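Me: Got a minute to go through a protein with me? I'd like to talk it over before I set anything up.

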Amino acid sequence: MGIFKTIPQQGLSGLSVASAASAWGFGAWQTLLQNCPELSVIGLTLQFTAIPSVDTTEQVILEIGTGPVGSETTKLQFPYSFRSDTAVGFYRPWHFFLPEPFTVAANTRVAVRFADTSTSARTYN
């Protein structure tokens, strides 16, 4: 077992990932980690700032992939949904845990992309 390390929230440095301008269309891959050390992913915590329309359920899928730019391969998928019962909205973190660790080899590029049920492009930070 290696060293336990929490990777800082990339959104603090301005990472924005957009979905496509069509329902269930994936946006472009965005680099999350470049040339990372070997690591075992056990979970993911993130926050979305999208506020859905009142009484509308939004469905989203987040994919984490590895590989060079233009040749990414999906390795993990995190599907989820959220619903707003008020137009005020609020932000909360989402926590995902894997049933077993996923190992990422050393010197690997890790990227992320989103798709959702919205018919317009939505940016996730």
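**Starting in strand β7**

Reply: Sure, and let's start with V112, which sits in strand β7. Keep in mind that this is a predicted model.

Me: OK, is V112 buried or exposed?

Reply: V112 is buried, because its relative accessible area is 7%, and the cut-off for buried is under 20%.

Me: What is V112 in contact with, leaving aside neighbours within four places in sequence?

Reply: V17, A28, W29, Q30, L62 and E63. There's also a long-range pairing to look at with L32: 80 residues separate V112 and L32 in sequence, while their C-alpha atoms are 6.4 Å apart in space.

Me: Let me back up a bit. How many helices and strands does the protein have?

Reply: There are 0 helices and 8 strands. Read from the N terminus, the order is β-β-β-β-β-β-β-β.

Me: And what share of contacts joins residues at least 24 apart?

Reply: Taking contacts between residues at least 6 apart in sequence, 77% of them join residues at least 24 apart.

Me: How about confidence, where is it lowest and where is it highest?

Reply: The lowest is strand β8, residues 123-124, with a mean pLDDT of 74. Strand β7, residues 108-116, is the highest at 90. Across the protein the average pLDDT is 80, and 77% of the residues score at least 70.

Me: Good to know. On to charges: how many salt bridges does the structure hold?

Reply: It holds 2. One of them is between the side chains of E63 and R113, at 2.8 Å from N to O. E63 is in strand β4 and R113 in strand β7, so this pair ties together parts 50 residues apart in sequence.

Me: Are E63 and R113 buried or exposed?

Reply: E63 is buried, at a relative accessible area of 4%. R113 counts as buried too, at 19%, because the cut-off is under 20%.

Me: And which residue forms a salt bridge with R109?

Reply: That's E72, with the closest N and O atoms 2.9 Å apart. E72 lies in the loop between β4 and β5 and R109 in strand β7, so the pair ties together parts that are 37 residues apart in sequence. Both E72 and R109 are buried.

Me: While we're on acids, where is E58?

Reply: E58 is in strand β4, which covers residues 56-66. With a relative accessible area of 7%, E58 is buried.

Me: Which side chain does E58 make a polar contact with?

Reply: T117, side chain to side chain, at 3.4 Å.

Me: New topic, rings. How many aromatic pairs are there?

Reply: The structure holds 2 aromatic pairs. In one, the ring centres of F78 and F96 are 5.1 Å apart and the planes are at 55°, so the pair is tilted. F78 is in strand β5 and F96 in strand β6, residues 93-104, so to speak a link between distant parts of the chain, 18 residues apart. Both F78 and F96 are buried.

Me: And what do the rings of Y80 and F96 look like?

Reply: Their centres are 5.6 Å apart and their planes are at 55°, so this pair is tilted as well. Y80 is in strand β5 and F96 in strand β6, so the pair ties together parts that are 16 residues apart in sequence. Both Y80 and F96 are buried, and F78, Y80 and F96 form one aromatic cluster.

Me: Now backbone. What is phi of W24?

Reply: It is near 65°, a positive value in a residue other than glycine. Most residues other than glycine have a negative phi. W24 is in the loop between β1 and β2, and counts as partly exposed because its relative accessibility is 44%.

Me: And what about phi of N35?

Reply: Phi of N35 is near 50°, again positive in a residue other than glycine. N35 is located in strand β2.

Me: Last thing: what percentage of the residues is buried, and how much area does the protein expose?

Reply: Buried residues are 38% of the 125 in the protein. The exposed area is about 7,700 Å², with carbon and sulfur atoms supplying 55% of it.

How values were computed. Residues numbered from 1 in each chain as written. Heavy atoms only, no water. pLDDT = per-residue confidence, 0-100. Helix = DSSP H or I, 4+ residues; strand = E, 2+ residues; numbered from the N terminus. Buried < 20%, exposed > 50% of the residue type's maximum accessible area, 1.4 Å probe, protein only. Contact = heavy atoms within 4.5 Å. Areas by Shrake-Rupley, 256 points an atom, 1.4 Å probe, with all protein chains shown as cover. Polar contact = N/O pair within 3.5 Å; in protein donor to acceptor, adjacent residues only side chain to side chain. Salt bridge = Lys/Arg side-chain N within 4 Å of Asp/Glu carboxyl O. Phe/Tyr/Trp six-rings, centres within 6.5 Å; stacked < 30°, edge-to-face > 60°.
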